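Student: I would like a close look at a single part of this chain. Please take one question and follow it outward into its surroundings.

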Amino acid sequence: MQTITIAGVLANNAEECVDSSSRKYSRFTVTCESVDKNGRSHYTHYNCVCYVPGYEKLKTNDQVFLTGKFSAELKLNEKGKPYMNLNVMVFQASDGFKAKERITK
């Protein structure tokens with residue numbers, strides 16, 4: 001198993017879902033920023049599934065720290081161009097600043 005720990009912000013509001021066994025979970029995308037040697041920002045997006053209760057109310061730009069099982073799959077879009085899906089099955093999470101709490105200057 002590959003485990004990953006990431007810190008980032010939600011790219012979308014968390015969506016509350018129910019699986020085929022009637023268990024509730026939340027689904028959301030986390031965006032992580034990194035800066036290259038030239039000072040340019042790059043963003044990586046992770047599709048997350050989280051059975052930890054309490055995370056279904058997260059909103060866009062809320063900060064999260066999470067650890068989970070990592071998987072990646074190469075796919076093709078409708079034009080045949082490849083893209084990578086990065087997925088995390090979250091087993092530990094904690095939230096950071098809420099978007100509405102952050103003060104921008």
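Leaving aside its neighbours within four places in sequence, which residues is phenylalanine 28 in contact with?

Tutor: Bear in mind that this is a predicted model. Once the neighbours within four places in sequence are set aside, phenylalanine 28 is in contact with Leu10, Asn12, Ala14, Tyr46, Asn47, Cys48, Cys50 and Leu66. Phe28 also belongs to the largest nonpolar core, which has 18 residues, and within that core Phe28, Val30, Tyr46, Cys48, Leu66 and Val88 touch the most other members. Two or more residues of this core come from each of strand E1 (3-10), E3, E4, E5 and E6.

Several of these contacts can be followed into the strand pairing. Cysteine 50, one of the contacts of phenylalanine 28, stands opposite valine 90 in E6, and E4 pairs with E6 in the parallel sense over four bridges. Leucine 66, which is likewise in contact with phenylalanine 28, stands opposite alanine 93 in E6. Here the strands E5 and E6 run antiparallel and are joined by 13 bridges. E5 and E6 also form a hairpin with five residues between them, and in that turn glycine 80 has a positive phi of about 85 degrees.

Asn47, another contact of phenylalanine 28, leads on to asparagine 85, a residue of strand E6 (residues 82-95). With neighbours within four places in sequence left out, asparagine 85 is in contact with Asn47, Ser71, Ala72, Glu73 and Lys75. Asparagine 85 counts as buried because its relative accessible area is 19%, and buried means under 20%.

The loops offer a further point for comparison, since backbone phi takes positive values there too, at two residues other than glycine. Most residues other than glycine have a negative phi. Serine 22, in the loop between strand E2 (15-18) and strand E3 (24-35), has a phi near 65 degrees; with a relative accessible area of 61%, serine 22 is exposed. Asparagine 61 sits in the loop between strand E4 (41-50) and strand E5 (63-76), and its phi is near 75 degrees. Asparagine 61 is partly exposed, because its relative accessible area is 40% and that class lies between 20% and 50%.

How values were computed
Residues are numbered from 1 along each chain as its sequence is written. This is a predicted model: local features need pLDDT of at least 70, side-chain atom pairs count only at pLDDT 80 or more; totals for chains, interfaces and linings use all residues. Side-chain values use heavy atoms; hydrogens and water are left out. Buried means under 20% relative accessible area, exposed over 50%, partly exposed in between (1.4 Å probe, protein chains only). Contact means heavy atoms within 4.5 Å. Two strands pair if DSSP finds at least two bridges between them. A nonpolar core is a set of buried Ala, Val, Leu, Ile, Met, Phe, Trp, Tyr and Cys residues joined through side-chain atoms within 4.5 Å.
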